[in-house]
Amino acid sequence: MSYEKELAAAKKAVSLAARLSQEVQKSLLQSDVRSKSDKSPVTAADYGSQAVISHVLEKELHPEPLYLVAEENAEDLQKNGAEEFLESITKLVNNALASDDSYTNSSLSMEDVRKAIDHGRSQGGSNGRHWILDPVDGTRGFVKGEDYAVALALLVEGKVVLGVMACPKLENHKSSSTGCLFFATVGEGAFVQSLEGDSHPPQKVQVSNIENLEEATVVESSHKPIPIHSSIANKLGIKAPPLRIHSQVKYAALARGDAEIYLRFTLKGYRESIWNHAAGAIITIEAGGVVCDADGNPLDFSRGNHLEHKTGIVVSTQKLMPRILKAVRESMEEEMLLSETQLKL
């Protein structure tokens, strides 16, 4: 099945949202960073990006109903004292939309913006069509002026069929500009183009063809180092220090061959949200990579807002994955034995 119309709408929506987020990042002060109920940071860019993407998808794909699974909701924007913040978000949204010729006469009210943000309350699942959005993936990096992504994917009957991801701080390989737009449709490969929409046509991206693990690069989160990652890397004989990157930009790095292995093992009890992986996963898979859990099973995006996988996510090339999964199993067994020994002491 062709998803040409959906891909065009997604690329337009993500590009406009990336433009909004870039404007916010340029002038962001620490006082502009708010905390959500779970204590994670949120900015006008998170809300504004979600409103832009929700509005553009609804308009471009009309009359198809929009079901959006997204990270943000407008609950905090309805509290006392939030009106000024919502007003500033609305201005950002309208400025971003006005930069596209087809939206020059489309001015949204504060209530329109609030409703657009709240479109993101779909629960996903295995039936129908659901868009999956992380409006600013890697907010902790974003507020420091570092890497982040705007990541959008389409789920059809429980399968991710399309992904678009803007990486505004990532340098282009083919030109001197900064800012990349990655996109992929199932069965059609993965591509990258400049976020600025310059004269360079989209380029096909492929994962690395390195077979010697000693030459491989591991990419991991910029948060605290995870001991099991070091254990796996040591077993594989990897010599280079890990590349630490915020957000789904890690998937982009792997999809275009900047790294060969992405490891994501988290604290016990942590549940992965589908919007943190959907777009990056299909882009990497279409670039020739493999995305699976620690047991080698593909990630299942059809179970609602969260992934229900076993501990750990492993991303690599088809050639390297069997050896990596062997090292993962050995490291997990050693970690379990160590925990049991410590409990007995």
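**A tour of strand β5 and the nonpolar cores**

Begin by selecting strand β4, residues 129-137, together with β5; in this predicted model the two strands pair in the antiparallel sense over 7 bridges. To see one point of this pairing, display Asp137, which stands opposite Ala149 in β5.

Next, select β5 alone, residues 149-156. Are its residues buried or exposed? The strand is mostly covered, as 8 of its 8 residues are buried. In a regular strand, side chains alternate between the two faces of the sheet. Colour Ala149, Ala151, Ala153 and Leu155 as one side of β5, and Val150, Leu152, Leu154 and Val156 as the other. Both faces are covered, with all of these residues buried.

Now add strand β6, residues 159-171. β5 and β6 pair in the antiparallel sense over 7 bridges, and Ala153 stands opposite Gly163 in β6. Move to the hairpin of these two strands, which has 2 residues between them; there, Glu157 takes a positive phi near 50 degrees.

The tour then turns to the nonpolar cores. The largest has 55 residues, and those with the most contacts inside it are Val52, Ile53, Leu57, Val93, Trp131 and Leu162. Which helix gives the most to this core? Select helix α1, residues 4-27, which contributes 10 residues.

Centre the view on Val52. Apart from neighbours within four places in sequence, Val52 is in contact with Ala13, Leu16, Ala17, Leu20, Val93, Ala96 and Leu97.

Finally, select Leu155, Cys167, Val192 and Ala253, which are included in a second, separate core of 41 residues. Leu155 also brings the viewer back to β5, where it is one of the buried residues.

Conventions: Residues numbered from 1 in each chain as written. Predicted model: local features only at pLDDT ≥ 70, side-chain atom pairs only at ≥ 80, totals over all residues. Heavy atoms only, no water. Buried < 20%, exposed > 50% of the residue type's maximum accessible area, 1.4 Å probe, protein only. Helix = DSSP H or I, 4+ residues; strand = E, 2+ residues; numbered from the N terminus. Pairing = 2+ DSSP bridges. Core = buried A, V, L, I, M, F, W, Y, C linked by side-chain atoms within 4.5 Å. Contact = heavy atoms within 4.5 Å.
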